[in-house]
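Grab a viewer and a scratchpad, and let's work through some exercises together. Try each task on your own before reading the solution.

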Amino acid sequence: MSVMDVTDLYEEFGDDRLPPGQRETSKFPVLSKGGTPKWDRDDWTFTVSGAVDDELSFSYEEFRDLESVTQRQDFHCVTGWSKLDCEFTGVTFPHLTELAGVHDDVTTVMFHALDGYTTNLPLEDCMREEVLFTWEFDGDDLPREHGGPLRVVTPHKYAYKGAKWVDGVEFLTEPERGYWEKRGYSNTADPWAEDRYS
Ligand SMILES: Nc1nc2c(c(=O)[nH]1)N[C@H]1C(S)=C(S)[C@@H](COP(=O)(O)O)O[C@H]1N2
Ligand SMILES: [Mo]
């Protein structure tokens, strides 16, 4: 299995791999607004909805059968820690949009999760190979507390832009804010600009 190293993406945003004000940790802390939601792999469904040619829905097995990649990425939490060299396996965001056919007037993507969490990003910030729907971390199933069975990772943004327990992605033609974006976290969340709060 080949691993694509995308840890150099910082060159597009700043001078240093470690964004300003971040410290490196080897641990992987858990940050959730509430507890870890319960789910059952057999009734889990992932949906693609909104302004698309084909609204899609996948079972867990169907999602796992999509074309996938493994990447080495960094992970930056808005509370100040960064975990470098995480290996994630999953489906790229652009691949999913090819399957659904996204309308030209879409500006905003809203991610939905099993715990009621939501987070938004502009479509163009999602159309990157590094934005993954991932089920595997460092060679093992993604731990439940870190968002298993499926989560999003956004190495170019603070990690609150990556929904754990993601079960839906919605394509919108008007701006809308997600859970933390409504509660004072930055809408843009660029770690190299230290867009932490708004
Ligand atoms: N569904 C869901 N996704 C979420 C959250 C959450 O509470 N619920 N917290 C976010 C925040 S604020 C952070 S920092 C990261 C933390 O990911 P981790 O617990 O795997 O470190 O998940 C993000 N995704
Ligand atoms: Mo966070």
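What follows is a set of short exercises, each with a worked solution.

A word on ground rules. This is a predicted model, in which local features need pLDDT of at least 70 and side-chain atom pairs count only at pLDDT 80 or more, while totals for chains, interfaces and linings use all residues. Residues are numbered from 1 along each chain as its sequence is written, chains are lettered from A and ligands numbered from 1 in the order in which they are written, and side-chain values use heavy atoms, with hydrogens and water left out.

**Exercise 1: the overall shape**

Task: work out whether the radius of gyration of the protein chain agrees with that of a compact globule.

Solution:
- Step 1: Take the radius over C-alpha atoms, and use 2.2 Å times the number of residues to the power 0.38 as the globule rule.
- Step 2: For 198 residues the rule gives a value near 16 Å, and the chain has 16 Å, so the two agree.
- Step 3: Look at the extents too: along the principal axes, the C-alpha atoms fill a box of roughly 40 × 35 × 35 Å.
- Step 4: Now the secondary structure. DSSP runs give helices (H or I, at least four residues) and strands (E, at least two), numbered from the N terminus; the chain has three helices and 12 strands.
- Step 5: Finally, contacts (heavy atoms within 4.5 Å). Counting pairs at least 6 apart in sequence, 70% join residues at least 24 apart.

**Exercise 2: surface and charge**

Task: find what share of the residues is buried, and how many side chains are positive and negative.

Solution:
- Step 1: Set the classes with a 1.4 Å probe and protein chains only: buried is under 20% relative accessible area, exposed is over 50%, and partly exposed is in between. Of the 198 residues, 53% come out as buried.
- Step 2: Add up the Shrake-Rupley area (1.4 Å probe). The accessible surface is about 9200 Å², with 43% of it belonging to carbon and sulfur atoms.
- Step 3: Count Lys and Arg as positive and Asp and Glu as negative, leaving out His and the chain ends. Charges sit at NZ of Lys, CZ of Arg, CG of Asp or CD of Glu.
- Step 4: That gives 19 positive and 41 negative side chains, with the centres of the two sets 10 Å apart.

**Exercise 3: the nonpolar cores**

Task: in the largest nonpolar core, which residues touch the most other members?

Solution:
- Step 1: Build cores from buried Ala, Val, Leu, Ile, Met, Phe, Trp, Tyr and Cys residues joined through side-chain atoms within 4.5 Å.
- Step 2: The largest has 36 residues, and Phe46, Val48, Phe63, Phe93, Phe111, Phe133 and Val169 touch the most other members.
- Step 3: Elements supplying at least two residues each include β3 (45–50), α1 (60–64), β7 (108–113) and β12 (166–172).
- Step 4: There's also a second, separate core of 11 residues, with Phe28, Trp81, Leu142 and Ala159 among them.
- Step 5: Zoom in on valine 48. Beyond four places in sequence, its contacts include Leu56, Phe58, Leu96, Ala100 and Phe171.

**Exercise 4: helix α2**

Task: is helix α2 largely enclosed or largely open?

Solution:
- Step 1: Residues 93–100 make up α2, and six of the eight are buried, so the helix is largely enclosed by the rest of the structure.
- Step 2: The buried ones are Phe93, Pro94, His95, Leu96, Thr97 and Ala100.
- Step 3: Check both ends. Threonine 92 belongs to strand β6 (residues 81–92) and is buried at 7% relative accessibility, while glycine 101, just after α2, has a positive phi of about 75 degrees.

**Exercise 5: backbone oddities**

Task: where do aspartate 138, tryptophan 165 and proline 149 sit, and what is unusual about their backbone?

Solution:
- Step 1: Recall that most residues other than glycine have a negative phi, and most peptide bonds are trans.
- Step 2: Aspartate 138, in the loop between β9 and β10, has a positive phi of about 45 degrees; at 40% relative accessibility it's partly exposed.
- Step 3: Tryptophan 165, in the loop between β11 and β12, has a positive phi of about 50 degrees, but at 1% relative accessibility it's buried.
- Step 4: Proline 149 lies in the loop between β10 (140–141) and β11 (151–153). A cis peptide bond joins glycine 148 to it, with omega about 15 degrees.
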